[in-house]
Amino acid sequence: MDYRSFAEKYALTLNAQQEEAVRAAEDNILLLAVPGSGKTTVLVARLGYALYCRGIAPENILTMTYTVAAAADMRKRFVSLFGDELADRLAFRTINGVCARIIRQYEQSRNTTAFELLTDESRIAAMLGEICREVLNEYPADSDIKAIRTKITYVKNMCLKPEEIEELNQEIKGFPTIYRAYVDTMKRQRLMDYDDQLVYAHNILRRCPDLLAALRQRYRLICVDEAQDSSKIQHMIIQLLAGPEGSLFMVGDEDQSIYGFRAAYPKALADFARSRKNARVLLMEQNYRSTRQIVRAADSFIQQNSDRYPKHMTAVRGDGAEVKELAVNNRAGQYAYLLQAAKDCDRETAVLFRDNECALPLIDLLDRNRIPYRCRQMDISFFTSPVVRDITDIIRFALDQTDGRLFMNLYYKLNTRLSRQEAQDAVRRCPESMSVMEYLAEDFPLSGFKRKQCRALLTHMNNMLTENAGSAVYRIVKYMGYGEYLKQREMSEGKAEILRFLGNQEPSPARLLDRLEELSGMIRCHESSNSKFILSTIHSSKGLEYDRVFLMDVIDGILPSQSAAEDRALMEEERRLFYVGMTRAKNELDLFTFRQAELSSAFSAFLFPKKAEKPAAPKRGSAASIRPPSPDQALHWAARDYFPGVRVCHRQFGKGKIIAKNEDVLTIRFEQGEDRKLSLSVCLKAGSLWLDR
């Protein structure tokens, strides 16, 4: 059967780029497909073309997807197009499913038993909790366990060396020791996790040429969906399975690679043409999902990234509403607007955000107003995070100042200025029914300064119990020393800000404690509804589409994250995340901006540039003629001094020399022997880079 007969028989209507991808059935192809371009249709049509036009047996084709659900959907799509006659003979699997079969074949051929796959994440969390208690001598929060678990996945999937693992101690306290203890514990118990499954399968393929040869002989054609989300070790496995002579078809989009924290490795896409014989890179640039206005804005935005293939997304659909700027005073105004939007919701509407905690004040308002909504993959790690735990413990201690255990957990996080010995002595000697703070303020022997600090703290604690919970949280952070504690440890006040928003709805700090329990239980037990109003992180919305999309909390420090401010690679991933959020919208895309100066956003400023008014020419000698430059003008003038060959100092990386400049991006070779690419404007605004004179 030729292609024309094939397309007519199965009623396929493909554009020129889609058709080219389908007909390249036995070549090494990297297909870069923009959002809404019909990549799944093309991948399934290509399977049909390989079967019916090229005569490849279904047993010789392996299709790998990112999730079990995606594999099931791919099979369903194949059946809907071509029937179920050959579907059962095709392999639609996740890469972990493929690895499980590799390990099983190894067991059978070598008459051995591999480690047991531990699929219960609660057991893994309990194991890590015990290890953390032994290593750090403290009880980790659920959020700490989650962060450690994610970092373990990152280490194994990126195949990090021991010295590279040691560097992660800066990100997570004690991580190298925790990681080694986890690996040793799993080995002693003859267990493996899903990441080990990848490592073991890769080792088997490298060390057992007979097994590898058999797999290569079986799978002549390998198809990989969502290739930009695959990790380094997954790409290594895929390359081994395909071999130098096999046919590999990878579908992805480096502009949608948003799982760097889980070791997604989009660099493999950039290396595809060099790593495969007779490789070709094809594009699918037509978006069938969104209106022309949404597509134009999203494409213009992602063009700022440099680590990408040159391509432009174009709209097949016609015009629609302009991308809308919703200007509000502050985040509270944002929640109020969304509350009203939920009340009036008559079509599928998604509110997308960076992290689950961003949605908590909105969830609180929706619940209070009995407005139905749907949530996608919410978690409760916010409620057990260190910042939330500290602030709620401070409230609990204010309510019961005789609790010496709480005091010992808190005294160094507040403005007491006590030594550990003084704190221990005060708790030991304080009369049983007396407030520890009153004892310190009046009776315990202290210097005049420390007594003054304790008296002020006692006053704050007593006063905060008489005000609403939002004011109490603000007092704790801004006046009782907790904000200074966070700053010293380079921790964000973001979670405290969320607590303040929640507290603004509660008449007292005690009531906030109850409300947090209620919200935690509500999210844990939230049942899916048929509501058209949907709350989701951008990560969870990937692959989905909605009639209308609100992007909330697009604020420097949230989206993009604070850690991306001086790291070009991280900033590019933040742009990709925002791009994914934008391209979920079919007909209407609304973005909040804030009049409050500290809630500025580089992302929204790009989409909604403010037109500068042309000032009237000042009279000679007038005050206007000697007006100082605006911050933007000053920044522009300062940037002219930074060019290749100039020596500079960076707050974190030390001294170095600029070796290249590409618009706003500097490449600096630091004396510690490392080249880094940094945003000049971001560094100058933060005051982290200066000339080495």
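These legends accompany four close-up views of a predicted model.

**View 1. The second largest pocket and the helices around it.**
Let's start with an open space: the second largest pocket holds about 450 Å³. Its lining is made up of 23 residues, and Lys156, Tyr179, Val183, Asp196 and Val199 are the ones that lie nearest the pocket centre. Five elements each give two or more residues to this lining, namely α7 (142-157), α8 (162-167), α9 (175-188), α10 (194-207) and α12 (232-242). If you are thinking about the chemistry of the lining, here is the breakdown: 15 residues are nonpolar, two are polar and six are charged.

**View 2. Helix α10 again, now where α5 crosses it.**
Helix α10, which gives residues to the pocket lining of the previous view, also meets helix α5 (residues 95-110), with the two axes coming within 9 Å. How are α5 and α10 oriented relative to each other? Their axes cross at roughly 55 degrees, and the pair is therefore oblique. The crossing of α5 past α10 is left-handed. On the α5 side, the contact is built from Ile95, Asn96, Cys99, Ala100, Ile102, Ile103 and Tyr106; α10 answers with Tyr194, Gln197, Leu198, Tyr200, Ala201, Ile204 and Leu205. Sorted by class, this contact has 12 nonpolar residues and two polar ones, with no charged residues.

**View 3. The largest cavity and its lining.**
Next comes an enclosed space. The structure holds one cavity of 30 Å³ or more, and the space in the largest cavity is about 30 Å³. Which residues line the largest cavity? They are Phe397, Phe407, Leu410, Tyr411, Leu414 and Met461. By class, the lining of this cavity counts six nonpolar residues, no polar and no charged.

**View 4. Helices α25 and α26 where they cross.**
For the last stop, look at helix α25 (residues 494-503) together with helix α26 (residues 509-524), whose axes come within 10 Å. The axes cross at roughly 105 degrees; with angles of 65 to 115 degrees counted as roughly perpendicular, α25 and α26 are therefore roughly perpendicular to each other. Leu499, Leu502 and Gly503 of α25 make the contact with Leu512, Leu516 and Leu519 of α26. The residues of this contact divide into five nonpolar and one polar, and none is charged.

Methods. Residues numbered from 1 in each chain as written. Predicted model: local features only at pLDDT ≥ 70, side-chain atom pairs only at ≥ 80, totals over all residues. Heavy atoms only, no water. 1 Å grid on protein atoms, 1.4 Å probe; cavity = no way out; pocket = protein on both sides within 12 Å on 5 of 7 lines; lining within 4 Å. Points joined across faces, edges and corners; volume = space filled by probe spheres on them. Helix = DSSP H or I, 4+ residues; strand = E, 2+ residues; numbered from the N terminus. Nonpolar A, V, L, I, M, F, W, Y, C, P; charged D, E, K, R; others polar. Axes fitted to C-alpha atoms, helices over the stretch in contact; angles between N-to-C directions. Parallel < 35°, antiparallel > 145°, perpendicular 65-115°, else oblique. Left-handed = near helix turned anticlockwise from the far one by under 90°. Contact = heavy atoms within 4.5 Å.
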